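Let's take a friendly walk through a protein and the ligand it holds. Have the sequence and the 3D view ready.

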Amino acid sequence: MHYFVYCNGTLHAEDVSIPAIAEKVGTPFYCYSTATLTRHYLVFREALQGLDASICFAMKANSNLAVVHTLADLGAGADVVSGGELELALKAGVPANKIVFSGVGKTEDEIRLALNYDVAQLNVESEEELDTLSRVAAELGKTVRVALRVNPDVDAKTHDKISTGRKGDKFGIDWELAPRLYKKAGALPGIEPSAIAVHIGSQITSLAPFEAAFKRVHDLVVMLRKDGHKIDHLDLGGGLGVPYDHGNDAHPPSPAEYGAMVKRTLGDLGCKMMFEPGRLIVGNAGILVTRVISLKQTTNRRFVIVDAGMNDLVRPAMYGAHHEILPVMEAPPSPGASPADIVGPVCETTDRFAQDYRLPPLAAGDLLAILTAGAYGAVMASTYNARPLVPEVLVNGDQYAVVRRRPTLEEMVALESLPPWLADTKAYGRRRAP
Ligand code: LLP
């Protein structure tokens with residue numbers, strides 16, 4: 001459910017027409033909808049009613065300050081995986097006591113930063129990290145709540161590249177080792193072990209893998225409590241999938257079904273629960289708007305070449321992900337339209353948003369919207385081919401604002417400098433033309 005809808009034949013984000021934004025901002029650009037963000041957050045919160053639950057938005061999905069601020073105003077905390085995300089979460093108004101620091105490789109500096117800000121919890125991913133955390137906490141005279149992130153050895157049945165909970169994946173602590181580490185953690189200074197964390201992957205479209213992982217967590221908690229350990233928090237990660245390509249992909253379970261499953265499997269433990277949804281909150285709340293540069297017919301294929309590229313939205317190139325694409329100007333269904341590949345201008349064959357895709361007849365200058373681009377879109381963008389990062393626009397009702405502008409070329413190269421041996425342009429010229 002989202003608020004990108006046609007109104008009098010033109011795609012709108014809430015009450016704002018997409019061509020009007022394109023006119024002002026230029027293309028390509030990301031466009032987010034406040035009403036959609038809000039709705040997703042509230043629907044998820046509603047699904048967790050009856051649990052002592054907090055929602056820590058996974059900043060890795062979208063760390064735009066305005067987006068995170070919108071969620072923070074609704075009461076969201078944040079799940080961060082770097083010092084940068086931690087600083088951004090705080091800047092966006094998320095209080096430190098609602099921030100969980102997870103991530104498989106935290107540097108000592110990042111651990112120190114998190115402890116100095118007094119974040120709510122650190123999720124530990126290895127014995128070595130536990131030792132480092134204890135040492136740094138003791139140095140700073142702090143005690144921090146710690147979750148052991150366990151690897152439950154469950155296949156999330158999602159894309160291989162975004163599965164995280166199988167034996168052999170780099171994430172978490174083998175769940176068989178957790179009792180020993182938990183005991184060790186209890187004896188270390190600066191550490192207050194009181195939680196188990198688990199996250200088995202992303203874009204998960206059935207409840208079964210969640211349930212298998214959560215049952216394992218349940219058994220572990222019972223076992224640890226028998227050993228005399230206190231466990232009063234669970235961090236259940238994110239991962240619930242969203243529909244990307246209507247009609248074509250598996251329909252993910254609803255948040256309500258997910259919430260009911262959590263209650264069923266873990267509700268009896270009396271733990272406070274944290275959830276780290278990313279995609280579920282922001283995925284369908286964003287689109288990438290792009291303009292057709294040209295049409296190209298080769299002997300055997302038709303291409304629509306657009307001005308957005310894999311550097312702007314890498315998911316199709318990286319994971320073979322499908323995103324639904326809509327013409328911004330509504331057109332009656334044209335079953336006769338021949339399929340085309342929708343491709344970007346980047347010099348890579350994999351720079352392709354869709355293959356054999358049917359769209360109404362298009363011409364250079366037409367606008368297209370690539371849907372469900374709010375999660376893992378802008379955050380994964382790069383400047384490959386010296387293409388500037390695209391702007392991000394946030395709509396709220398009939399208002400919109402550019403919440404990240406397009407950088408100038410000067411800004412893009414501002415961090416570069418010539419080494420002394422090239423700084424003299426005359427010498428440089430001589431080297432180039434002997
Ligand atoms: N918590 C942890 C520990 C995570 O590693 C992740 C995602 C999340 C929460 C949020 O998961 P979500 O609710 O968004 O599924 N770039 C990939 C997705 C990578 C997900 C990484 N971890 C993609 O575009 O599909």
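The questions and answers below look at the ligand and the domains of this predicted model.

Q: Which domains does the domain assignment of the protein give?
A: The assignment gives two sets of bounds. Residues 103-275 make up domain 2, while 4-13 + 23-27 + 284-412 make up domain 1. The names asked for are therefore domain 1 and domain 2, with bounds from an automatic or database assignment.

Q: What distance separates the centres of domain 1 and domain 2?
A: Nine residues of domain 1 touch nine residues of domain 2. Taken over C-alpha atoms, the centres of the two domains are separated by 35 Å.

Q: Which domains supply at least three residues each to the shell around the ligand?
A: The ligand is surrounded by 18 residues, and the closest are S202, E276, R315, Y319 and Y376. By character, the shell splits into six nonpolar, six polar and six charged residues. At least three residues come from each of domain 1 and domain 2.

Q: How far is an oxygen atom of the ligand from an N or O atom in the side chain of S202?
A: Start with two other polar side-chain atoms: one of D79 lies 3.4 Å from a nitrogen atom of the ligand, and one of H199 lies 3.5 Å from a ligand oxygen. For the side chain of S202, the distance to a ligand oxygen is 2.4 Å.

Q: What share of the ligand's exposed area does the protein bury?
A: The ligand occupies the space of the largest pocket. Taken alone, the ligand exposes 590 Å². Of that area, the protein buries 91%.

Conventions
Residues are numbered from 1 along each chain as its sequence is written. This is a predicted model: local features need pLDDT of at least 70, side-chain atom pairs count only at pLDDT 80 or more; totals for chains, interfaces and linings use all residues. Side-chain values use heavy atoms; hydrogens and water are left out. A residue is near a molecule or strand if one of its heavy atoms lies within 4 Å of it. A polar contact is a pair of N or O atoms within 3.5 Å; within protein, one must be able to donate a hydrogen and the other to accept it, and residues adjacent in sequence count only if both atoms are side-chain atoms. Accessible areas come from the Shrake-Rupley method with a 1.4 Å probe; for residues, only the protein chains shown count as cover. On a 1 Å grid over the protein atoms alone, a cavity is a set of points where a 1.4 Å probe fits but cannot get out, and a pocket is an open set with protein on both sides within 12 Å along at least five of seven lines; lining residues have an atom within 4 Å of a point. A molecule sits in a cavity or pocket if more than half of its atoms lie within 2 Å of its grid points. Ala, Val, Leu, Ile, Met, Phe, Trp, Tyr, Cys and Pro count as nonpolar, Asp, Glu, Lys and Arg as charged, and the others, Gly among them, as polar. Contact means heavy atoms within 4.5 Å.
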